[in-house]
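I opened this notebook to record what I looked up, residue by residue, in the structure shown below. The entries follow the order in which I went through it.

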Amino acid sequence: MVRLAALYVLGSLLIAGAWLRLESGGIPWEKVGLMIALGLLPTLAVGVGRRWSALGIGVAALLAAASEAFAVSVTEARLGGQHDFFGPVLGSFKDGFLNFYDTNLPFRPDDFPLMHSVVLVAIFAFCAAVGVLLAADRPVAAAVALVFAVGWPATLVPGGRPLALGALVLVGVLAVLFLFRSGARATRGLLQGAAVAIALVAAAALASSSGAVAKGAFLSWQGWDPYDQPDTPVGVRYVWNSHYLGIRFPKKKTTVFRVRVAGPQRNLYWRATTLDDYTGTGWQEDLDLSEASQREQLDVPGLSARARVSANWVRQDVTVEALRDNHLIASAQPVRWQPPSDTEVQDENGDIVVLPRALHRGQRFTVSSFVPRAKPSDLAKAGTSYPHSIDRYLQVIQGNGKVPAFGTPDRDALMHVFFDATWQNDFLMQANRPLYDQAREVVGNAQTPYAATVALEAWFRRDGGFHYDQQPPPPAPNEPALAAFVTRTKRGYCQHYAGAMALMLRFLGVPARVAAGFTSGSFDSDKHEWTVTDHEAHDWVEVYFPGWGWMPFDPTPGRGLLNAAYDPSSPVFDTRDTSWSVGSPGLDAIRREAERSQGRPGLESVSGASNTGSGNGGTTVVRDKGPSIVGLAFLVLAAAIGLVMGLKALLRALRFTGRNPRALASACRKDLVGFLADQGHELPPSATLSEVAAALDRYYAVDADSFARWAGIARFARPEEAEDAVARARRELRRVRRDLRHQLSALSRFKGAISLRSLTV
């Protein structure tokens, strides 16, 4: 039992360490410890001989682990229409699992709680699996499970110290195999085994660090794609349209377009359109388009002085793959378009560009966008001198309901008149009033539109108790969906988060709108190219700041993080710029939280946020190609088998390199003793040549008496006789091994070939 406990602790630490590498930030030791402890329960049940009881204990432990990981009480698993345990747990597990192949790793648990829950369940499941196999005296199966449990997450985040991780895994595997050797002398040869392990690790380290040996991956499994034929174009308006009825992404991802961007990596959102008007029940697109015409270049009028400086532009070369839509895609704020040459285009002041007909595969266009590098204090100082064209973005209900701008004197009193007199009898305005009340409570005494914006974003992402849910509960009859989301259900997806934040900002007098498009996608650092799929379709918020234009903010947790120095939720937020939060405890808390997050790798579900503070270089992007995991497991297993067989062949050859007859005769004896050990028949170290021959005859009916006689002469005869005797002994050894191979099945020969027992003989 002591041996079992020691191996379980070693294995559980390796497993937990490997899976926690997928996360950035602090380690939840209490939850991880609970998962390991729960995994120990079925292990102990099997270890004490209660194998049938272990099944029930394992199920109970699994339920407890799932309940703790997904924060769903087991008591909900009872009859009644209002109670459900398995549905929420299984649905959350599925969503969290799939997110691993949509997300740049490592991830922040605060932003991706379902992924964190899956990590906890994985730690429990793999610890329990390895422990049960150890307790059932299945060391080979336990070693394979341990390699898979540690290797899978290691391939998702290959950075860090792969050699150290590989060495630790090897130590764990060898510990399992050596401590579970058959027979009573389980620890015999442990020192030799440790020496072999050290040699293997040293050889692997030297080989992998050598420029002559270490190569790139033979198979880039992360990029495997089983779908070779062109994808059918897909539409994503079900994500953009604000119906709030729930969304379901297709199981199969479809690449909709690719974007090549020169220079260092910058993680941008790709905007298709904006939803400018709120009807009282939802946001909608309302474009005033120009006449269709064919143009080689389209420049955006009315740009700020900063936007006219080409050094602030980011050029994007877009190739359409399979997007069924007529909007051209670009990072906001576009300043110059070079539309497709084969079609006419229409535009709304150059900000939004559409085609009269749908995009088609292979269509290419280029757009340059102003991507400002604003600091928090820059936006805090932007003021409220809004141009006349921005007035429509202060209307809380389409066509009317314009509110006074942020910072207007006596604004609170004016808003009381707005609700209690001007719009007292308007049902839609009164139904949406709870959003204004909640917005005032959240932003408190914010002194600038920027401070109000970041306070609301932090509330949605972290402090407000919201949960990302693609199938949220419906609102009550005659209740606006956004009011229900903010005040009651707190469950929704990007339409809810972006729509609610934009409307709350308008109620506060801050010009805002909903942007619809895609998060960044996955980045190929060699090609400087983003690949964007339909699963990256997304809504976010744009806020207008004088002198800077429309700046994106994303309140949706678990879907994306903007790479922007002005955004506290961004991994590159400028924490050194503190003037914007001075004097406001709430804003200062937001800044301090950003400081705690600073230095942790940035990430984005389905958008590829930067892994570095500078935003340069490639990111770790893992795509959901299920067959690749199976293929990788086979590759790892084949490599391990090849390594073991090669090492054994090398050691066997080294035994016979000398010329001393006595040493060669001893090597012949060790060769057969090792062969028997690999087949599970261990002989004591003092076994004589006659006893070795008797064991071969007893187990396999192979006559080895002649071998024993000539090997004995070589060991103990005079030197002039020993040389001839050892030559005869080696010929007899080859005959004996040939006879043994004939007696063994292919499976037995394979098991012997990969066994490590002979390494300690």
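Entry 1, aromatic rings. I worked from a predicted model, and my search of the whole structure for aromatic pairs returned 29 of them. I then looked at F93 and F97, whose ring centres are 6.2 Å apart and whose planes meet at 15 degrees, so I noted the pair as stacked. Both residues belong to helix 4, where they are four residues apart and thus separated by about one helical turn. For exposure, I wrote down 32% relative accessibility for F93, which counts as partly exposed, and 30% for F97, which is partly exposed as well.

The next pair I looked up was F523 with W530, and here the ring centres lie 4.7 Å apart with the planes at 45 degrees, so this pair is tilted. I found F523 to be buried, and W530 to be buried too. I also noted a cluster in which ring pairs link F418, F419, W423, Y436 and F507.

Entry 2, a buried acid. Which side chain of opposite charge is nearest to E536, and how far away is it? I found that it is K253, at 4.7 Å, and that E536 is buried yet has no salt bridge. Because a salt bridge requires a side-chain nitrogen of Lys or Arg within 4 Å of a carboxyl oxygen of Asp or Glu, I did not enter K253 as a partner of E536. What I did find at E536 is a polar atom of its side chain lying 2.6 Å from the backbone nitrogen of T533. As for location, E536 sits in the loop that runs between strand 18 (529-533) and strand 19 (537-545).

Entry 3, backbone geometry. I looked up the peptide bond joining A332 and Q333 and noted that it is cis, with omega at about 5 degrees. Q333 itself is in the loop between strand 7 (330-331) and strand 8 (334-338).

I then turned to positive phi values in residues that are not glycine. A71 has a phi of about 55 degrees, and I placed A71 in the loop between helix 3 (51-70) and helix 4 (86-99). Y244 also has a positive phi, near 60 degrees, and lies in the loop between helix 9 (237-240) and strand 1 (255-261). Are these two residues buried or exposed? A71 is exposed, with a relative accessible area of 70%, whereas Y244, at 7% relative accessibility, counts as buried.

Entry 4, a surface patch. I noted that M1, L44 and V48 form a nonpolar patch on the surface, and that together they have about 280 Å² of accessible area. M1 belongs to the segment before helix 1 (2-20), and I recorded M1 as exposed, since its relative accessible area is 54%.

Entry 5, a pair distant in sequence. I looked up D288 and N349, which are 61 residues apart in sequence, and found 8.6 Å between them in space, taken from C-alpha to C-alpha. D288 is located in the loop between strand 4 (283-284) and strand 5 (298-299), and with a relative accessible area of 62% I entered D288 as exposed.

Conventions:
Residues are numbered from 1 along each chain as its sequence is written. This is a predicted model: local features need pLDDT of at least 70, side-chain atom pairs count only at pLDDT 80 or more; totals for chains, interfaces and linings use all residues. Side-chain values use heavy atoms; hydrogens and water are left out. Helices (H or I, at least four residues) and strands (E, at least two) are DSSP runs, numbered from the N terminus. Buried means under 20% relative accessible area, exposed over 50%, partly exposed in between (1.4 Å probe, protein chains only). Lys and Arg count as positive and Asp and Glu as negative; His and the chain ends are not counted. A polar contact is a pair of N or O atoms within 3.5 Å; within protein, one must be able to donate a hydrogen and the other to accept it, and residues adjacent in sequence count only if both atoms are side-chain atoms. Patches are made of residues with over 30% relative accessible area and no salt bridge: like charges are joined within 9 Å, nonpolar side chains (Val, Leu, Ile, Met, Phe, Trp, Tyr) within 5 Å. Accessible areas come from the Shrake-Rupley method with a 1.4 Å probe; for residues, only the protein chains shown count as cover. Rings of Phe, Tyr and Trp (its six-membered ring) pair if their centres lie within 6.5 Å; planes under 30 degrees apart count as stacked, over 60 as edge-to-face and the rest as tilted.
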